[in-house]
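Colleague: I should like to go through the assignments in this model one at a time. For each, please set the value against the criterion and then conclude.

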Amino acid sequence: GRSLLNDHIPTQMAMTAMTADGSAMGYVGGAGSKNGSGLNGPLGIQCVMKYLAPEAVAAAIIGKGGTVIAAMRQKCKARVMLTEPGEFYLHTECRVVTAMAPTENDLNELAKQVLFQVVEVAQAGNLDAAGVDGQIKLRLLAPAAAVGGLIGRKGEKIKSLRDTSGASIYVGDALYAGAMSDQVITLLGTFEGLLTVLEQINTQIQALSDETWFRTWANSFGCSRGRAPGPEATHQVATQTAIQTATQTSTQMATPAAT
């Protein structure tokens, strides 16, 4: 069948397993700030991206004994964290993969490593990662404010990106009103095309890193146990809405009234 990678791109990542303790080899769930690993933690992490991974893709990212995720962390100077098995993003059967790194370029390199794993899953015939005619499929999360920058005025930016990358880009609705509300972005295309789109999404997200709500967004997952959005999911959305409202109120109170 048609190869999902061009000849000049290796089919496997050139990397070696990192020798580290168990905490560095596996995955973690819960808040990104757990054990000091969150945004602005001891590594000086400032940049964040989030992916949605079906179980097959999540398993590929972790690797046997955690070797793949450990190598990603070392190569990209990044924190790579997954929600627990069965802890899915709302209305999906996908775990949330949160990547945090010191620079935008580090996250671009990590995006490439994630795509390598998606390609391997797609080549194995898994429909969660494989598209038609040799294409691959990937979903990620971005705050609504970043999605607005990606789409541009009257959709001009996203149309241009579709043309230059050759990728299909589908943007889901926001969960609730507010700049930090997650929107699911689904990508379908070639390795190179998806990498081009991911770099643009990365730029749009990191442009917002100084916003007051960015750290909260970076350390939240919007997940529930299982696919159905039960009480836990409703509570999560309500909590995020309350955080957004509190942030806006705090900002307004901090602004001196005009005299």
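Modeller: The discussion below concerns a predicted model and takes its assignments in turn.

Colleague: What is the secondary structure of the protein chain, and what share of the residues is buried?

Modeller: The protein chain comes to nine helices and eight strands. Of its 259 residues, 48% are buried. Among the contacts with a separation of 6 or more, 75% join residues 24 or more positions apart.

Colleague: Why is Met-49 called buried?

Modeller: Its relative accessibility is 0%, and buried means under 20%; therefore Met-49 counts as buried. Met-49 lies in strand S1, residues 47-54.

Colleague: Which residues is Met-49 in contact with, leaving aside its neighbours within four places in sequence?

Modeller: Met-49 is in contact with Val-97, Thr-98, Ala-99, Leu-107, Leu-140, Leu-198, Ile-201, Asn-202, Ile-205 and Gln-206. In addition, the C-alpha atoms of Met-49 and Met-100 are separated by 6.7 Å, although the two residues are 51 residues apart along the chain.

Colleague: Thr-98 appears among those contacts. What makes Thr-98 a buried residue?

Modeller: The relative accessibility of Thr-98 is 0%, and the criterion is under 20%, so Thr-98 counts as buried. Thr-98 is found in strand S4, residues 94-101. Beyond its neighbours within four places in sequence, Thr-98 is in contact with Val-48, Met-49, Lys-50, Arg-79, Val-80, Met-81, Ala-218 and Phe-221.

Colleague: Is Glu-104 buried, exposed or partly exposed, and why?

Modeller: Glu-104 has a relative accessible area of 27%. Buried requires under 20% and exposed requires over 50%, so Glu-104 is partly exposed. Glu-104 is found in helix H4, residues 104-123. Setting aside neighbours within four places in sequence, Glu-104 is in contact with Cys-47, Asn-202, Thr-203 and Gln-206. Glu-104 and Asn-202 are 98 residues apart in sequence and 6.9 Å apart in space, C-alpha to C-alpha.

Colleague: How many disulfides does a search of the whole structure find, and how are Cys-47 and Cys-94 classed?

Modeller: The search of the whole structure finds zero disulfides. A pair of cysteine sulfur atoms would have to lie within 2.5 Å to count as one. Cys-47 has 9% relative accessibility, so Cys-47 counts as buried. Cys-94 is also buried, because its relative accessible area is 1% and the limit is under 20%.

Colleague: How many aromatic pairs are found, and what makes the pair of Trp-213 and Phe-214 tilted?

Modeller: Three aromatic pairs are found in the whole structure. In the pair of Trp-213 and Phe-214, the centres are 6.2 Å apart and the planes make 50°. Pairing requires centres within 6.5 Å, and an angle neither under 30 degrees nor over 60 is classed as tilted; hence the pair of Trp-213 and Phe-214 is tilted. Both Trp-213 and Phe-214 are buried.

Colleague: How is the pair of Phe-214 and Trp-217 classed?

Modeller: This pair is tilted as well, with 5.6 Å centre to centre and 40° between the planes. Phe-214 and Trp-217 lie in helix H8, residues 214-218, three residues apart, about one turn of the helix. Both are buried. Trp-213, Phe-214 and Trp-217 form one aromatic cluster.

Colleague: How do you know that the charged end of Lys-50 sits over the ring of Trp-217?

Modeller: The charged end of Lys-50 is 4.3 Å from the centre of that ring, against a limit of 6 Å. The criterion also requires a position within 35 degrees of the ring normal, and Lys-50 is assigned as sitting over the ring of Trp-217.

Colleague: At what angle do helices H2 and H3 cross, and which residues make the contact?

Modeller: The axes of H2 (residues 55-62) and H3 (residues 67-76) come within 4 Å and cross at roughly 65°. Ala-60, Ile-61 and Ile-62 of H2 meet Thr-67, Val-68, Ile-69 and Met-72 of H3. Six of the contact residues are nonpolar, one is polar and none is charged.

Colleague: What is notable about the phi of Lys-77 and of His-91?

Modeller: Lys-77 has a positive phi of about 55° although it is not a glycine; Lys-77 is in the loop between H3 and strand S2. His-91, likewise not a glycine, has a positive phi of about 65°, and His-91 is in the loop between strand S3 and S4.

Conventions
Residues are numbered from 1 along each chain as its sequence is written. This is a predicted model: local features need pLDDT of at least 70, side-chain atom pairs count only at pLDDT 80 or more; totals for chains, interfaces and linings use all residues. Side-chain values use heavy atoms; hydrogens and water are left out. Axes are lines fitted to C-alpha atoms, for helices over the stretch in contact, and angles run from 0 to 180 degrees between N-to-C directions. Helices (H or I, at least four residues) and strands (E, at least two) are DSSP runs, numbered from the N terminus. Contact means heavy atoms within 4.5 Å. Ala, Val, Leu, Ile, Met, Phe, Trp, Tyr, Cys and Pro count as nonpolar, Asp, Glu, Lys and Arg as charged, and the others, Gly among them, as polar. Rings of Phe, Tyr and Trp (its six-membered ring) pair if their centres lie within 6.5 Å; planes under 30 degrees apart count as stacked, over 60 as edge-to-face and the rest as tilted. Buried means under 20% relative accessible area, exposed over 50%, partly exposed in between (1.4 Å probe, protein chains only).
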